[in-house]
Amino acid sequence: MRDQFFTEVEGPIRFAGVDSADPLTYAVYEPDRVVMGKRMEDHLRIGACLWHSFAWPGIDMFGAGTFDRPWLAAGLDPLEAAEMKLDAAFEFLSKLGVPYFCVHDRDIAPEGVDGRDTRRIFDAVMDMVEERMASTGVRLLWGTANLFTHPRYMSGGATNPNPEVFAFAAAQVKLMLETTQRLGGQNYVLWGGREGYDSLLNTDLAHEDRQLARFLTLVAEHKHRIGFEGALLIEPKPHEPTKHQYDRDAATVHGFLVRHGLENEYKLNLEANHATLSGHSFHHEVAYAVAHGMLGSIDANRGDYQNGWDTDQFPNSVDELSLAVYEILRGGGFTTGGFNFDAKLRRQSVSRTDLFHAHISGIDTLARSLLVAADMLERETLSKAVAERYAGWQGELGRSILDGTASLADLAAKVEAEEFDPKPISGGQERLEGEVNRRIWNAS
Ligand code: XUL
Ligand code: CO
């Protein structure tokens, strides 16, 4: 290891409670605290991502990089730069005290001058990663391949009109899936960065649908061929960078998978800001996935309700996250998934230590949301009211409808014979909103 990069932070960050005046401590997150029979760390399975924090210099479309990231300087030898970046990243991860990280191939292994050079860099970098994982104990939550930055992917990877680009993307995913397996990754994620269109005028929708299904089928087949035991996850997002992305939201991806017989091969990696962009609440996306057995993992972040793009801010709302965590707990919790901070600093947050403040506050928000969610579950704050609302379906009528024994004519005859006259019953929304608030204010 080189000299330390985050010299102002001793680490590992410790729990000190909400009254501590030291911002470099956790106010709520106590990895060993047992909540509903499970350690907080095992519930949340927190990971930090290597792209926003280590591979992005703080550029935007109007301005240059603002961050202090020496390994991104121009003219460095790629392996020397990669080593510097990995040393800083693993120093950060172990000082933060989180169990996982997430990474794209290109976050850490840039393309070389040709295919052979790219492979040389990739192999050397992945050896470095393996060494640092072994020395710090930080594990890989998920790996993924970047099929969106290089100009060859400007018209998509799997959905590119050129089959050579499809093959190139397939080769890249094959290598990164195998590498994720080698590094003990828990999941492999596919975010269809440019799998969509900018204009319908030049797009064959039906063809691109077949291409995407083929691609996902090939990836699933390869997963079984190599015996990768992690989960394959698709990350929905409605637009940005393309005008329309095929993996629009949880329900669209689920429908696509069912249509192509892939629903047992893939689960979902849901991102809070992507839910906002698709016009849904994050609660909705998580609830949909849990309801259909499709929840894989979460990219924790938030958008800005005044901005229409993916601002990827660190989460700070217990009000919003408690309900999402509630759905996750209600569905039995994560298996291979976890909470990955797919979040980035604001461009003005240029201090090295800002990276710690951002993650600490996000982690505490998740930890507090977990306490609220567990409290709601234990007190049956919502489940009791929902069960009562649907209680009629436990009776003979309800069962005969759902098991298919009652025909439309049977139901009509019953209504007439028994003179049905159902009365409206209050949905009680405001009462439940109040109950949820009480748990948010009081859970401990
Ligand atoms: C983009 C996004 C990606 C994926 C991984 O909006 O969320 O970083 O999480 O490719
Ligand atoms: Co993401």
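**Entry 1: the second largest pocket**

A pocket is here an open set of points on a 1 Å grid over the protein atoms alone, with protein on both sides within 12 Å along at least five of seven lines. I noted at the outset that the model in front of me is predicted. With that in mind, I looked up the second largest pocket and found a volume of about 740 Å³. I counted 23 residues in its lining, and those nearest the centre are Leu382, Ala385, Val386, Arg389 and Leu432. I then asked which elements give two or more residues to the lining of this second largest pocket. They are helix 10 (282-291), helix 11 (318-330), helix 13 (383-389) and helix 16 (429-442). By class, I recorded 11 nonpolar, 6 polar and 6 charged residues in the lining.

Where does the second largest pocket lie with respect to domain 1 and domain 2? I found that domain 1 (34-379) and domain 2 (393-442) both give residues to the lining, and therefore the pocket lies between them.

**Entry 2: the largest pocket**

I turned next to the largest pocket, which holds about 1,500 Å³ of space. Its lining comprises 47 residues, and I noted His52, Trp56, Ile59, Asp312 and Lys344 as the closest to the centre. Two or more lining residues come from each of helix 2 (50-54), helix 4 (105-108), strand 5 (139-144) and strand 6 (187-191). When I sorted the lining of the largest pocket by class, I obtained 18 nonpolar, 11 polar and 18 charged residues.

**Entry 3: ligand 1**

I listed the residues around ligand 1, and the list includes three tryptophans, Trp51, Trp142 and Trp191, and two histidines, His104 and His274. The acidic residues in the list are Glu235, Glu271, Asp299, Asp310 and Asp342, and Lys237 completes it.

I then looked for polar contacts between side chains and ligand 1. An N or O atom in the side chain of Trp51 is 3.2 Å from an oxygen atom of the ligand. For the side chain of Asp310, the corresponding distance to a ligand oxygen is 3.0 Å. For the side chain of Asp342, I recorded 2.7 Å, again to an oxygen atom of ligand 1. On its own, ligand 1 has 290 Å² of accessible area, and I noted that the protein covers 93% of it.

**Entry 4: cavities**

I asked how many cavities of 30 Å³ or more the structure holds. The number is 3.

The largest cavity contains about 130 Å³ of space. I found 16 residues in its lining, with Leu190, Trp191, Gly192, Glu195 and Leu216 closest to the centre. Strand 6 and helix 7 (205-226) are the elements that give two or more residues to this lining. Of the elements, strand 6 gives the most, with 4 residues. I recorded the classes as 12 nonpolar, 2 polar and 2 charged. I also noted two links back to earlier entries: strand 6 gives residues to the lining of the largest pocket, and Trp191 is among the residues around ligand 1.

The second largest cavity contains about 50 Å³. I listed its lining as His43, Leu44, Val325, Ile328, Leu329, Gly333, Phe334, Phe339 and Leu370. Helix 1 (40-44) and helix 11 each give two or more of these residues, and helix 11 gives the most, with 3. By class, I found 7 nonpolar residues, 2 polar residues and no charged residues. Helix 11 had already appeared in my notes on the lining of the second largest pocket.

**Entry 5: backbone exceptions**

I reminded myself that most residues other than glycine have a negative phi, and that most peptide bonds are trans. I therefore looked for exceptions to both rules.

Which peptide bond ahead of strand 1 is cis? I found that the bond from Gly11 to Pro12 is cis, with omega near -10 degrees. Pro12 belongs to the segment before strand 1 (34-35). Glu240 and Pro241 are likewise joined by a cis peptide bond, with omega about 10 degrees. I placed Pro241 in the loop between strand 8 (231-235) and strand 9 (244-245).

For phi, I noted Met36, which is not a glycine and yet has a positive value of about 45 degrees. Met36 lies in the loop that runs between strand 1 and strand 2 (38-39).

Conventions: Residues numbered from 1 in each chain as written. Chains lettered and ligands numbered in written order. Predicted model: local features only at pLDDT ≥ 70, side-chain atom pairs only at ≥ 80, totals over all residues. Heavy atoms only, no water. 1 Å grid on protein atoms, 1.4 Å probe; cavity = no way out; pocket = protein on both sides within 12 Å on 5 of 7 lines; lining within 4 Å. Points joined across faces, edges and corners; volume = space filled by probe spheres on them. Nonpolar A, V, L, I, M, F, W, Y, C, P; charged D, E, K, R; others polar. Domains from an automatic or database assignment. Near = heavy atom within 4 Å. Polar contact = N/O pair within 3.5 Å; in protein donor to acceptor, adjacent residues only side chain to side chain. Areas by Shrake-Rupley, 256 points an atom, 1.4 Å probe, with all protein chains shown as cover.
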